[in-house]
Amino acid sequence: MKRVRWLSGLLSAGVLSFSLATVGAQVAQAQREIYIFELNCVTRWSGSYWSQSSYWTESTDVSIARQIYTSILKTTPFGLTCRLPGGPASLRIEYGVSDRDSAPPAKIDVYVDGNQVASQVGKAGQVNTMLVDVSNGKSLALDISCSRATNCQRGYYYFFWFHLIPGASSPGKR
């Protein structure tokens, strides 16, 4: 009888451990940050400063405010529209202009389902951060443009973080 109880307890513990591990893996996977270009996206040309907008997704080391950062994306002004996975989510972007470039900071406009939800003009000489609640949206559009009408062809915008964070919403939102 003791042996049956012991085996029953061992089996119960095994089933419970397996269940918790499976649920934990699903939660961890649901919270994984998604690089923006892992979404289903199309690019658009944006702004009147460039004859052709471009972006490069290679890793590049750049200096901003005499500190080194590794970018995941280098771009000229452009537009991007992506399909969102649905549910609660936040968009996190970190970006800046290299010390060696003389371009004005970027202006980033964020749209969810065609409605503008955020806009930010970066500050020169620093890494700028945007955190935008994009919860329950079906599509996300980003317009990355030059913040001034002059001197816009003198550099690139570098992005160090360009991810969707599923399951997260911006502070203050419920």
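Trp 56 counts as partly exposed, at 30% relative accessibility; that label covers the range between buried (under 20% relative accessible area) and exposed (over 50%), using a 1.4 Å probe and protein chains only. Trp 56 is one half of an aromatic pair, described below with its partner, Tyr 156. This is a predicted model, in which local features need pLDDT of at least 70 and side-chain atom pairs count only at pLDDT 80 or more, while totals for chains, interfaces and linings use all residues. Residues are numbered from 1 along each chain as its sequence is written, and side-chain values use heavy atoms, with hydrogens and water left out.

**The overall picture**

- The protein has one helix and 13 strands; these are DSSP runs numbered from the N terminus, with helices being H or I of at least four residues and strands being E of at least two.
- Along the sequence, the helix comes before the strands, in the pattern α-β-β-β-β-β-β-β-β-β-β-β-β-β.
- The protein contains 174 residues, and 37% of them count as buried.
- About 10,300 Å² of surface is exposed, with carbon and sulfur atoms supplying 53% of it; accessible areas come from the Shrake-Rupley method with a 1.4 Å probe, and for residues only the protein chains shown count as cover.
- Taking contacts (heavy atoms within 4.5 Å) between residues at least 6 apart in sequence, 76% join residues at least 24 apart.

**A five-strand sheet**

- Five strands form an open sheet in the order β2-β7-β12-β9-β10, with antiparallel pairing; two strands pair if DSSP finds at least two bridges between them.
- The edges are β2 (41-44) and β10 (115-121), each with a single partner strand, so one side of each has no neighbour in the sheet.
- On average, neighbouring strands of this sheet are turned by 15° against each other, direction ignored; the axes are lines fitted to C-alpha atoms, for helices over the stretch in contact, and angles run from 0 to 180 degrees between N-to-C directions.
- Strands of a sheet pair through backbone hydrogen bonds, in either a parallel or an antiparallel way.
- Strand β12 (residues 139-146) is joined to β9 (residues 106-112) by seven bridges, the two running antiparallel.
- Across from β12, Ile 108 stands opposite Ile 144, and Val 110 stands opposite Leu 142.
- Strand β7 (residues 78-83) also pairs with β12 in the antiparallel sense, over six bridges, and here Thr 81 stands opposite Ala 141.
- Seven of the eight residues of β12 are buried, so this strand is largely enclosed by the rest of the structure.

**Aromatic rings and charges**

- The whole structure holds six aromatic pairs; rings of Phe, Tyr and Trp (its six-membered ring) pair if their centres lie within 6.5 Å, and planes under 30 degrees apart count as stacked, over 60 as edge-to-face and the rest as tilted.
- One of these joins Phe 37 and Phe 162, whose ring centres are 6.3 Å apart and whose planes stand at 65°, so the pair is edge-to-face.
- This pair links distant parts of the chain, 125 residues apart: Phe 37 is in the loop between β1 (34-35) and β2, and Phe 162 is in strand β13.
- Phe 37 is partly exposed, with a relative accessible area of 22%, whereas Phe 162 is buried at 0%.
- Trp 56 and Tyr 156 also form an edge-to-face pair, 5.4 Å centre to centre with 90° between the planes.
- Trp 56 sits in strand β3 (residues 55-56) and Tyr 156 in the loop between β12 and β13, 100 residues apart.
- Like Trp 56, which is partly exposed, Tyr 156 counts as partly exposed, at 27%.
- Ring pairs also link Tyr 35, Phe 37, Tyr 95, Phe 159 and Phe 162 into a cluster.
- Lys 74 lies over the face of Tyr 156, 4.5 Å from the ring centre; a charge sits over a ring if NZ of Lys or CZ of Arg is within 6 Å of the ring centre and within 35 degrees of the ring normal.
- The charged end of Arg 92 sits over the ring of Trp 161, 4.3 Å from its centre.

**A buried histidine**

- His 163 belongs to strand β13 (residues 157-166) and is buried, with a relative accessible area of 14%.
- Leaving aside residues up to four places away in sequence, His 163 touches several residues, among them Glu 33, Tyr 35, Ser 90 and Arg 92.

**Two loop residues with positive phi**

- Most residues other than glycine have a negative phi.
- Arg 66 has a positive phi, near 60°; Arg 66 lies in the loop between β4 (60-64) and β5 (67-71) and is exposed, at 81%.
- Asn 136 has a positive phi near 65°; Asn 136 lies in the loop between β11 (128-133) and β12 and is exposed, at 59%.
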